[in-house]
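Ready to find your way around a protein model? Keep the sequence and the 3D view side by side, and let's walk through them together.

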Amino acid sequence: MTLREKKAGHRLLWLDSVGSTNDIARELALAGGEEGTIVLAREQTAGRGSKGRSWVSATDLGLYLSMILRPRIAPDKAAVLTLGAAVAVTETIKDEFNIDADIKWPNDVLIRNRKVCGILVESAIERESVLYAILGIGVNLTQHFFPVEIAESATSLLIECNREIGVHEFLPPLLKRLDRWCLNETAPEGILDRYRLLSSYANGCEINVTQGTEGTTFEGITRGLTASGALIVETSSGEVKTLFSGEVTKIRAKGESRI
Ligand code: BTN
């Protein structure tokens, strides 16, 4: 290990049942907890998803993990952290378990177009710096079934490879990649380069976008990512938009027929 290297999970708190691991990690961060400190739980009773949704977190069926980050990057580059976490999870699934996976912008990890992992980063920003960020990762590991609302859109590693991959097997290779992409890769460009290779959404993908509380929609083709991880989309009328948020649905990938 070189001197500059930081370790994901050098302090690891493994709990039975919590509301949300992100809340426990935030308390630790506020009390001065070091970067790389990880909170894991066997179940969450109030698991949080993005856009105010909940994250189904039944006992021992998934990985529910939160890590403290203390990034030295400007708040407008903080979104890249989420992309780094998506890269870490996707590489773990592909390289360690030989399952094909994709990243739906910004940070949903998909297998066969179904969501296997969600990432929620909650940051504390003061003036021009990020005081700390809590990186929350939920991976569906051994679920056979999902609640009816997400039954069509979610999947687990068990469903995809017909083998039980538990937290103890998934965690070590994930930590290795969280080290690399979330703690030791200081240049956002490095994360973005890797992301572009792993995500079929990043360039040349025909998508539908839903934005805002009113749910306005438009269609377009993705034209890459900005230096802060925003998605560039050329609309059907030729206008080029930069998306910082929004729900993206694939119509077809580069070179694919309409799905
Ligand atoms: C999403 O909706 O895609 C984000 C889901 C994030 C879920 C994880 S599970 C561990 C951590 N604790 C939470 O309450 N949420 C995140």
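Let's start with strand β4, residues 102-104, which pairs with β5 in the antiparallel sense over 3 bridges. Strands here are DSSP runs of E with at least two residues, numbered from the N terminus, and two of them pair if DSSP finds at least two bridges between them. One thing to know early: this is a predicted model, where local features need pLDDT of at least 70, side-chain atom pairs count only at pLDDT 80 or more, and totals for chains, interfaces and linings use all residues. Residues are numbered from 1 along each chain as its sequence is written, and side-chain values use heavy atoms, with hydrogens and water left out.

Back to our pair: Lys 104 has Asp 108 as its bridge partner in β5, and the two strands make a hairpin with 3 residues between them. Now follow the chain onward. β5 is also joined by 3 bridges to β6 (residues 114-126), again antiparallel, with Leu 110 partnering Lys 115. That gives another hairpin, this one with 2 residues between its strands, and Arg 112 in the turn has a positive phi of about 45°.

In a regular strand, side chains alternate between the two faces of the sheet. Which residues of β5 (108-111) sit on each side? Asp 108 and Leu 110 are on one side, Val 109 and Ile 111 on the other, and all are buried, meaning under 20% relative accessible area with a 1.4 Å probe, protein chains only (exposed is over 50%, partly exposed in between).

Lys 115 turns up again at the ligand, where one of its polar side-chain atoms lies 2.6 Å from a ligand oxygen atom. Ser 20 does something similar, with a polar side-chain atom 2.7 Å from an oxygen atom of the ligand, while Gln 44 has one 2.9 Å from a ligand nitrogen atom. How much of the ligand does the protein cover? It covers 99% of the 410 Å² of accessible area that the ligand has on its own (areas by the Shrake-Rupley method, 1.4 Å probe; for residues, only the protein chains shown count as cover).

Next, look at the open sheet of 5 strands, ordered β11-β10-β9-β8-β12 with antiparallel pairing. Its edge strands, β11 (240-243) and β12 (247-252), each pair on one side only. Inside this sheet, 4 bridges join β10 (residues 231-235) to β11, and Leu 231 has Leu 243 as its bridge partner.

Note on methods
Polar contact = N/O pair within 3.5 Å; in protein donor to acceptor, adjacent residues only side chain to side chain.
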